[in-house]
Structure formats: structure tokens, C-alpha cells
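Thanks for coming, everyone. I would like to take a few minutes to walk through a structure that is new to most of us, beginning with a single residue and working outwards from there.

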Amino acid sequence: MRALYPGSFDPLTNGHMDLIERAVSLFGEVVVAVLSNPSKRPAFSVEERIEQIRTATRHLSGVEVISFDGLTVNCAVTHRADLILRGLRAMSDFEYELQIAHTNRSLAEDLETVFMATTARHSFLSSSVVKEVARFGGSIDHMVPPEVAKDLNRLFNSAFPSS
Ligand code: ADP
């Protein structure tokens, strides 16, 4: 089976990585689809995010990384995905995710959305928390793959050079 895993991935975290690794062994193929939405004012460009994910997943076979804009269901059809994969960290994710899943179902009724529960040790992780910690100089090495940590340090150290 081929799963489409859509998201902002701004940037990729160990929580995303954990989901990708588990999904590859479950479904065989995972297409990680990076949403190109400039109105979200991302910290990293789509190209940078794609590069980060490709580097971090190069040890896995069955992972493809692409960018998309517009409707997720259209992206799923274009990339011949059998299902849309989303992660659930806490109840707070649930309401929004359920709304999106129902909307997508109403647009493409054959396309299932499958939710995977986050591994407990990653359940506190989000891209925004990681950026917040990095911005204020905290260690993010346990939160993101090494290549992402390097990019975050470069981004925030050059924005706020230490005196
Ligand atoms: P979006 O803006 O679409 O929510 P994200 O990059 O924040 O994009 O998340 C993409 C997907 O990854 C979502 O399904 C989200 O629930 C899931 N996700 C986010 N953080 C984690 C985590 N720590 N562990 C597992 N899944 C996560």
C-alpha cells in the first residue's frame, strides 16, 4: 500500500520521523508531501524542507518526498496513494484532524484517512516548539534529526549572533 503523509514539516521532527519509519514498515510505501503554503510564513523553504526529509530518510526504502499545494485529496490521486496518513499526539489534535478527515472523505469517498498514535516520548514534540527552543538557544538535538538541528542552529544563530 501507498500512504500519503501530508504536512508542513517546518521543520521535520523526530516525531514525524518515528511516524514515517513505522508507516513504511506497515504500508510499504510512504509519500511525504510537503505543503507549500507561503501564507504560513515558514521558517524553511519548501526546497529546504524537502532536502531535510530526503537526507533524514535516506536509510529507508519506500519513502518518496514531494511538494504540493491545493487540495490534499488531489495530491493523493496524482501520486496514486491508497490512503492519507496523519499523526495524533493528543486529544487536542483530534477535533481538527477529524474535521479534515471528514472533509476529505466528502471530496474523495474512496480515500481513507488513517491515524497513527504518536510514540509517547515524542508526543510533546511539534515543529513550533522546536523552533521556539532553537530561537532561544536551547538544545534541540534530541528533538530533530542531525541535519535539521544543523539548519536550525544556522538559521537562529545567524539571526541572533551571540555577543
Ligand atoms: P500540519 O501543519 O499539516 O499539521 P505538521 O508538520 O505540523 O503539519 O504535521 C504533519 C503531521 O504530522 C500531522 O498529522 C501531525 O499530527 C503529525 N505530527 C506532528 N508532530 C508529530 C509528532 N511529534 N509525532 C507524530 N506525529 C506528529
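Let me begin with Val-133, which is partly exposed, its relative accessible area being 25%. What we have on the screen is a predicted model, so please keep that in mind throughout. Val-133 belongs to helix α5, and if we set aside the neighbours within four places in sequence, the residues in contact with Val-133 are Gly-138, Ser-139, Ile-140 and Met-143.

Staying with that helix, we come to Val-129, which also lies in α5 and is partly exposed, with a relative accessible area of 34%. To give a sense of distance, Val-129 and Ile-84 are separated by 45 residues in sequence, and their C-alpha atoms are 25 Å apart in space.

Which residues of α5 are buried? They are Ser-127, Val-130, Lys-131 and Ala-134, and because they cover an arc of only 100° around the axis, they sit on the same side of α5. After the helix comes Gly-137, with a positive phi near 80°.

Ser-127 deserves a moment of its own. Helix α5 covers residues 127–135, and Ser-127 is part of it; with a relative accessibility of 14%, Ser-127 counts as buried, because the cut-off for that word is under 20%. Not counting residues up to four places away in sequence, Ser-127 touches Asp-10, Pro-11, Thr-13 and His-16.

Those contacts lead us to another part of the chain. Pro-11 is in the loop that runs between β1, residues 2–7, and α1, residues 14–27. Is the peptide bond from Asp-10 to Pro-11 cis or trans? That bond is cis, with omega near 0°. In the loop between β1 and α1 we also find Phe-9, whose phi is positive, near 50°, in a residue other than glycine. For context, most residues other than glycine have a negative phi, and most peptide bonds are trans. Phe-9 is buried, with a relative accessible area of 2%.

Arg-80 makes a useful companion to Phe-9, since Arg-80 has a positive phi of about 50° although it is not a glycine. Arg-80 is in the loop between α3, residues 72–78, and β4, residues 83–88, and whereas Phe-9 is buried, Arg-80 counts as exposed at 61% relative accessibility.

Pro-11 comes up again when we turn to Gln-52, which has its place in helix α2, residues 46–56. Gln-52 counts as buried, at 3% relative accessibility, and, leaving aside the neighbours within four places in sequence, Gln-52 is in contact with Pro-11, Leu-12, Phe-44, Glu-147, Val-148 and Asp-151.

One more residue before we step back is Phe-94, in helix α4, which covers residues 91–107. Phe-94 is partly exposed, with a relative accessible area of 35%, and although Phe-94 and Met-1 are 93 residues apart along the chain, their C-alpha atoms are separated by 25 Å.

Now to the protein as a whole. How many helices and strands does the secondary structure come to? There are six helices and five strands, and read along the sequence they follow the pattern β-α-β-α-β-α-β-α-β-α-α. The radius of gyration is 16 Å, close to the 15 Å that the globule rule gives for 163 residues, so the protein is as compact as a globular protein of that length. Taken along the principal axes, the C-alpha atoms fill a box of roughly 55 × 35 × 30 Å.

If we look only at contacts between residues at least 6 apart in sequence, 74% of them join residues at least 24 apart. Of the 163 residues, 45% are buried. The protein exposes about 9100 Å², of which carbon and sulfur atoms supply 52%. As for charge, there are 16 positive and 20 negative side chains, and the centres of the two sets lie 4 Å apart.

To close where we started, Val-133 is partly exposed, while Ser-127 in that helix is buried and touches residues that include Asp-10 and Pro-11, the two joined by the cis peptide bond.

Key. Residues numbered from 1 in each chain as written. Predicted model: local features only at pLDDT ≥ 70, side-chain atom pairs only at ≥ 80, totals over all residues. Heavy atoms only, no water. Helix = DSSP H or I, 4+ residues; strand = E, 2+ residues; numbered from the N terminus. Rg over C-alpha atoms; globule rule 2.2 N^0.38 Å. Buried < 20%, exposed > 50% of the residue type's maximum accessible area, 1.4 Å probe, protein only. Contact = heavy atoms within 4.5 Å. Areas by Shrake-Rupley, 256 points an atom, 1.4 Å probe, with all protein chains shown as cover. Lys, Arg positive; Asp, Glu negative; His and termini not counted. Charge placed at Lys NZ, Arg CZ, Asp CG, Glu CD. Arc of directions from axis to C-beta.
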